Amino acid sequence: MKHRIVVLGAGYAGAYVAGTLARRLSPADVEITVVNAVPDFVQRLRLHQLAAGQEIDAPQLADVFAGTAIRLRLARVTAVDPERRVVAVAGADEGELSYDTLLYALGSHGADRGVTGVAEHAFDVAARPSALRLRERLDSLGKRDEGGSVLVVGDGLTGIETATEIAESRPRLSVTLVARGELGAPLSAGARSYLRRVCDRLGITVLEHTSVEAVEATRVMCADGTAVASDATVWTAGFAANPIAAASGLEVAENGRIVVDDTMRSISHPNVYAAGDSAYAIGDNGRPLPMSCASAGYTGMQATAAIVGHLTGHEIPHTKLEYVGNHISLGRRDGILQMIDGEGQAKPKYLSGRKAARIKAGILRMSLWATSHPTFCLPKRKHHLAAAPDASLAERAIA
């Protein structure tokens, strides 16, 4: 009987882990199934570009996993039962999947923070369908003689990248960025000043120290009682973990992410691993890793190493769990690279301009290649599972 590995989600973390496991474990011993709701790989880091009107590659997962024994199941995960070791899925192929080892990488979605009207009236760039809806709206505004107003709520990295991308790509539209505090507060003083100059150059109006309490069809209402007109409100005020983990009985943090040890193994259910935005992992600096592509890479590598080690009896190497900086694109020809220290604070030095933009573009290309080519250089010899005649494969997986 083969050891059944089920990977939930084929984003940056899930696709990489699945492909790497297929490369390192013998198909004679393991059966790997990837469950994903859509047939293509979504470059989430570039969805603001898609919304602004650019074409973004979306490799088919069937091509990504071609040449392997990976089974791709296009379905939506509806529940996880870690006691029975089954996953419930819905869609054209509805039913249950049993597993011996589970890699949970369902990621995150945009968080409305309880603000009235966000779900009904706001757009977001947290998923490909929602980014395309925003794109259609921007297209319609661009055809109007008077143009239109776009309001981006949230001055985190996603909000900054979205506002600058739209302003550069669609200069006929009026773009406003709403910040709860000072614009670019986590950045160094020099980087904050540079960001402000970029916003001025692109004609972006910045409303600092402003909190939005309600979103309506043609405006937003602020905490101080003022109303700001908006033909398209883009909500980028943070992300929330998929709620399935919390509902499953797995140990989760307050924000719904699965609490894992330093090998990405669930502290409550040892046959479950988590990676990417789904994992509440403590970094080498003693702080939780943020939701980011970089964290997906680190946690994905560590989860892969742990799963292979536990199944084959090999020593488990430990991946560095660190967050070294923020890479912010400011349109296609500008950017900021802000390095941070071990305490998570911005260092004084930063890189900006075209060089920073080229580095960010290179990081995105590398992330796409690494994730969409996880089975490159498939070896002729693969690791077999450790022999243990007195224990089943499932028992060995959680030993």
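What follows is a dialogue about reading strands, helices, pockets and cavities in a predicted model.

Biologist: Before we look at single features, what kind of model is this?

Modeller: It is a predicted model, and every value we discuss was computed from its atoms.

Biologist: Let us begin with strand β2; is it buried or exposed?

Modeller: Burial is judged from relative accessible area, with under 20% counting as buried. In strand β2, which covers residues 30-36, six of the seven residues are buried, so the strand is largely enclosed by the rest of the structure.

Biologist: Which strands pair with β2, and in what sense?

Modeller: Strand β1, residues 3-8, pairs with β2 in the parallel sense over six bridges, and in that pairing Arg 4 stands opposite Glu 31. Strand β3, residues 71-74, also runs parallel to β2 and is joined to it by four bridges, with Val 34 of β2 standing opposite Leu 72 of β3.

Biologist: What do β1, helix α1 and β2 make together?

Modeller: With α1 spanning residues 12-24, the three elements make a β-α-β unit that is right-handed.

Biologist: Where does Ala 37 lie, and is it buried or exposed?

Modeller: Ala 37 lies in the loop between β2 and α2, and because its relative accessibility is 54%, it counts as exposed. Its C-alpha atom is separated by 7.7 Å from that of Gly 9, although the two residues are 28 apart along the chain. Phe 41 has its place in that loop between β2 and α2 as well, but Phe 41 is buried, with a relative accessible area of 0%.

Biologist: How should I check the length of a helix, taking α6 as the case?

Modeller: One compares the distance between the end C-alpha atoms with the span expected at 1.5 Å a residue. Helix α6, residues 157-169, has 13 residues and should span 18 Å, and its end C-alpha atoms are 18 Å apart, which agrees. For helix α9, residues 293-312, the 20 residues reach 28 Å from the first C-alpha to the last, close to the 28 Å expected.

Biologist: How many residues of these two helices are buried?

Modeller: A helix can be read by its faces, because an α-helix has 3.6 residues a turn, so residues three or four places apart point the same way. In α6, ten of the 13 residues are buried, and the helix is mostly covered; among the buried residues are Glu 161, Glu 165 and Glu 168, along with Ile 160 and Ile 166. In α9, 15 of the 20 residues are buried, so that helix is largely enclosed by the rest of the structure. After α9 comes Gly 313, whose phi is positive, near 85 degrees.

Biologist: Turning to open spaces, what lines the second largest pocket?

Modeller: A pocket is best read through its volume and the residues around it. The second largest pocket holds about 250 Å³ of space, and its lining includes Asp 112, Phe 123, Asp 124, Arg 133 and Trp 235. Helices α4 (118-121) and α5 (128-142) each supply at least two of the lining residues, and by class the lining divides into six nonpolar, two polar and three charged residues.

Biologist: How many cavities of 30 Å³ or more does a search of the whole structure find?

Modeller: The search finds two. The largest cavity has a volume of about 60 Å³, and its lining, which includes Asp 124, Thr 158, Trp 235 and Phe 239, has six nonpolar, four polar and one charged residues. The second largest cavity has a volume of about 30 Å³, and Phe 41, Leu 47, Ile 56 and Arg 128 are among the residues that line it. Its lining has six nonpolar, one polar and two charged residues.

Biologist: Finally, how does strand β21 pair with β20 and β22?

Modeller: Strand β21, residues 335-340, is mostly covered, with five of its six residues buried. Strand β20, residues 325-329, pairs with β21 in the antiparallel sense over five bridges, and the bridge partner of His 327 in β21 is Leu 337. Strand β22, residues 346-352, pairs with β21 in the antiparallel sense over four bridges, and there Leu 337 stands opposite Leu 351.

Biologist: Which residue takes a positive phi in the hairpin of β20 and β21?

Modeller: In that hairpin, which has five residues between the strands, Gly 331 takes a positive phi near 85 degrees. In the hairpin of β21 and β22, which has five residues between its strands, Gly 344 takes a positive phi near 85 degrees.

Technical notes
Residues numbered from 1 in each chain as written. Predicted model: local features only at pLDDT ≥ 70, side-chain atom pairs only at ≥ 80, totals over all residues. Heavy atoms only, no water. Buried < 20%, exposed > 50% of the residue type's maximum accessible area, 1.4 Å probe, protein only. Pairing = 2+ DSSP bridges. Right-handed = clockwise from strand over helix to strand, strands pointing away. Expected span 1.5 Å × (residues − 1). 1 Å grid on protein atoms, 1.4 Å probe; cavity = no way out; pocket = protein on both sides within 12 Å on 5 of 7 lines; lining within 4 Å. Points joined across faces, edges and corners; volume = space filled by probe spheres on them. Nonpolar A, V, L, I, M, F, W, Y, C, P; charged D, E, K, R; others polar.
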